[in-house]
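Trainee: Could you walk me through this one? I have it open on my screen and don't know where to start.

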Amino acid sequence: MNKICIYILLLIITFSCKSKTDVKENTKPLVDYVNPFIGTDGPGNTYPGASEPFGMVQLSPDIGIPGWDRIAGYFYQDSIITGFSHTHLSGTGAGDLYDILVMPTNSRFNKRIEANNFKPYSTFSHQKEKAFPGYYTVDLLDYGIKAELTATKRVGIHRYTFPKDGDSQIHIDLGYALNWDKPAETYIEKVNDTTIQGYRMSTGWARNQKVYFQMLFSKPFDTHHYYKNDTLKIYPMKGNTKMVLKYQTLENDQIIIKTGLSSTSCEAAAHAIKMETVGFDFDYQQEKTTLVWENQLQKIKIETPDEDKKSIFYTMMYQNMLTPNLFSDYGGTYKTANDENGQLKSGINPISKAEGFNRYDTFSLWDTFRGAHPLHTILQPKLVPYFIKSLLAHYKETGELPVWSMQGSETDMMIGYHAVPVIVDAYFKGFDFDAQLAYQACKESAMVTDRQINVYMQKGYIPVDKHHENWSVSKTMEYAYDDWCIAMFAQSLGKLEDYNYFIRRSKNWQNLHNETNSWMQPKDERGNFITPFVPKEYSPYFCESNAWHYYWFVPHDVETLIAKTGGKERFEQKLDSMFTYYPEPTDKLPLFSTGMIGQYAHGNEPSHHVAYLYNFIDKPSKVQKYIRQILETQYKNEPNGHCGNEDCGQMSSWYIFNALGFYPVNPAQNAYALGSPLFDSATIVLPDKKQFKIVAENNSKDNIYVKSIWLNGETLNRNYITHKEILAGGTLKFEMSNTPNLSKVVEKLNSAKVYGNFPY
C-alpha cells in the first residue's frame, strides 16, 4: 500500500516546528499502531473494516453466518467471506444493520453452503488480509480477486482487482440479512451503465430502518440482471432484490465502486458522493481518510517503550471514535426518529432537518454514559454539542430522550434514562445548547409511564414481577442516579421545587438496601425482600449482572453507601471481597460475565467504576493496584484483545482514561478520580493550542503506586482533578513507587459535589 502522500503530509503537519532530531525519533504515524482486529475474536464483537471517525459508513467484510460471535458481521476464527456491507455496529451484544452487501465473483468458484443461506462466498487467509484506519484489504482466494475498502463520512469506496475472466461479476444483494436484521422492502434499479441506485428498508433490533443509496462504477458493466428472491427478473421490482453486474476482465483489471448513503433519498446519497469524493482515485481517498484518523489520534501523544501498549492505546482511541454515527445528509435532512413501536409521533414529518448541527445516532447510552461521553467532552469538544442536540431532536420527535437509539429508531434496549447524565455533564461543562429544552427533555423522560418508571415513582422502587428480565434492582438504582443528575440540573436553573422532588427520588436506591445482610435486594409488591437470595447468582433481578456488581452503583452518594455498609472498615472488607471472591468452577456464568477478577467483571459496564471507591475510604493504593491489574490483564494487542463487548466505545474509553491516570466515577460530576497512570508521559492536545501533560516519574511495571502528585508544580493533596483544571492546560505529575503510600489525602472527592463552570 502506497503511503507516500500521507507520510509527507504528516511530516508537514506534525513536525514542521520540530528539530531534525525530533523528526527522526517520531516519524512513525500513529495510525500504524492501530490494530483494527483487536476485538474481532473472543467476546469483543468489533469489525475490522473502513470508516471515518463517527462516520455514517462502516464498510466491512461479512462472514455471512449468523451467531453471537458474528454480531459485527466478522469473526476472526472464520475462513470465508460472503461480501462487504456498508453498515455495522461496533462491539454490541445485538446484531443489526449489514446494509447493501457487495460481492465480486467470477467463473472460478461456484460452491454454495446452507450456513450462509447459499450466498456466493470465498475462502480467505489472514496472511492475505490487512487493516489500518481508513483501509481494509483481503484476497478472495477462490476467485483470485483482491478486495480493498475505504470510506468517507457518507461514502463507502471499494476497489476490486480481478484476474482475466469472461464472467466476472459484482453482486449487489439487498436481501442479505444476518442475526436480528430482516429486509422489509428493497428496490434496486439501473440509472445508466455506470450507475445504480435503490433503497433497503429493514427491521430488527431497530425498527423502520431506511437506507437509500447510489453506486457509481469506474467501468461500465456489460450486462445487468435483476433478481427477486433469487429468481431472475427482466425489470426492477420491490421485495427481496438483488442485482448482478457482469464484466469481461483482463488480468489486473480494477473496478472501483463509490456508494453514497442517506436515510432520506437516493438524491441525497448521490449528493454525498459528489461532495465527498473526486473521481475514482482510490489511493487518494484512502490516504485522505487515513490522514483524518491520524489527526484525531494526535490528540493524545504517549511515551512508552512498550510497543504493544502503544498499539492497544491507539486502537482504543480508534474504537472510541467509531460511534456515535453521522445520520444527517448534506443540508441536514434525516429520517425522523420513531417511537418504540416504529411509528411516528402524530403530526411529525417523516423527514426532519438538523438546523445548524449534524444529526448523530447510535447511542449505546447504558454503556457510554459512564466513560465514552465524558471522554468526548475532552477530545471532541466540537462534536459534543451535536451529540446533545441529536439527543434533543430525538426527544422532540418522540416525546422521550433515547434509551438506545440507532438509525433513527428506538431499540428500547437496556435500562435507565442515561441520556440525562450525558446532557447534564455537557451542561455543567459549559457546552452550547438550549438548556431549558434540555432540562424539559430530562424531566419529562423521567416522568413517563413506560419501562416501569410509573411504578418506580409510586413505590420508590421497582418490585419483582414475572417478566423474564424484570431487572428490578438494577432499574431502581440506575433511575435513582439519573434522578440525582436531574436534581443538579434543576438546582442550577433555579427550579428548586423540582430539585427537592428529584433529590428525594435519587435516594430510592436505599429502599432496596437490606440492613440485615447489607445487600441491594429485590422486593415484592408488598415491600418484602425476596428470599432465598444468593448475591453471586445471575438472576432476573439484575441487568446483566449480580448483586455483587450492583451493590456499588451509587456514584452520586458513595458516602451514604459507606455508612449503610457499616462504615469505612466494613466497606473496605466488602470491596476486598469483590476482587478476591472468585466464582466456583460449578457456578453458571452468562456470556456477559467476563474479565473476572473475583466478582469484578470488567467485561461488562456496571463494574467499571468500582475500584475507585477505595479512594473514598483513604485507600488509594488499592485503587492503583487494581487499576493497573485491569489495564495489564484485560486488554491485549491481539484479535482476542477485549475481555467483553467493546460496546460502542465504552470499553476503549475506560482504557484511555485509566491509562492516563484518572476516571469519572460519577460521570456527571465534572471531576475525575485519580488512579495509576500507565505511561511515562501522555500529552492531551486541547483547543486554543493548550496542552495537558501527565508525567509518571519512576514509572515501571513494578512501580504501580503513587507516592506523591503535583499539579503545575504544586503538591496536590487530593485524590481528584477537575475537568476545568484539565482544560486549562498544564502538567499533572505522579511520582511512582513500588510501595503503597499509606498517608491520607487532605481532601477527598465528594461523590455528590459538582465542579466546573456551574459550581454546586
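Mentor: Let's start with a term: helices here are DSSP runs of H or I with at least four residues, numbered from the N terminus. Bear in mind that this is a predicted model.

Trainee: Which residue just after α8 takes a positive phi?

Mentor: Helix α8 covers residues 384–398. The phi just past that helix is about 90°. The residue taking it is glycine 399.

Trainee: And how many of the residues of α8 are buried?

Mentor: The helix has 15 residues and spans 21 Å from first C-alpha to last, close to the 21 Å expected. It's mostly covered, and its buried residues include Phe387, Leu391 and Tyr395, along with His394 and Glu397. The count of buried residues is 12 of 15.

Trainee: Is threonine 241 buried or exposed?

Mentor: Threonine 241 sits in strand β16. It touches Asp173, Leu174, Gly175, Thr186, Tyr187, Ile188 and Tyr227, leaving aside residues up to four places away in sequence. The cut-off for buried is under 20% relative accessible area. Threonine 241 has 2% relative accessibility, so it counts as buried.

Trainee: Which helix gives the most to the largest nonpolar core?

Mentor: That core has 206 residues, and Ile172, Phe217 and Phe313 have the most contacts inside it. Among helices and strands, look at residues 472–492, which give 12 residues. The helix you want is α12.

Trainee: How many residues are in the second, separate core?

Mentor: Phe132, Ile157, Ile273 and Phe282 are among its members. This core is separate, and its residue count is 8.

Notes
Residues are numbered from 1 along each chain as its sequence is written. This is a predicted model: local features need pLDDT of at least 70, side-chain atom pairs count only at pLDDT 80 or more; totals for chains, interfaces and linings use all residues. Side-chain values use heavy atoms; hydrogens and water are left out. Helices (H or I, at least four residues) and strands (E, at least two) are DSSP runs, numbered from the N terminus. The expected span of a helix is 1.5 Å times one less than its number of residues. Buried means under 20% relative accessible area, exposed over 50%, partly exposed in between (1.4 Å probe, protein chains only). Contact means heavy atoms within 4.5 Å. A nonpolar core is a set of buried Ala, Val, Leu, Ile, Met, Phe, Trp, Tyr and Cys residues joined through side-chain atoms within 4.5 Å.
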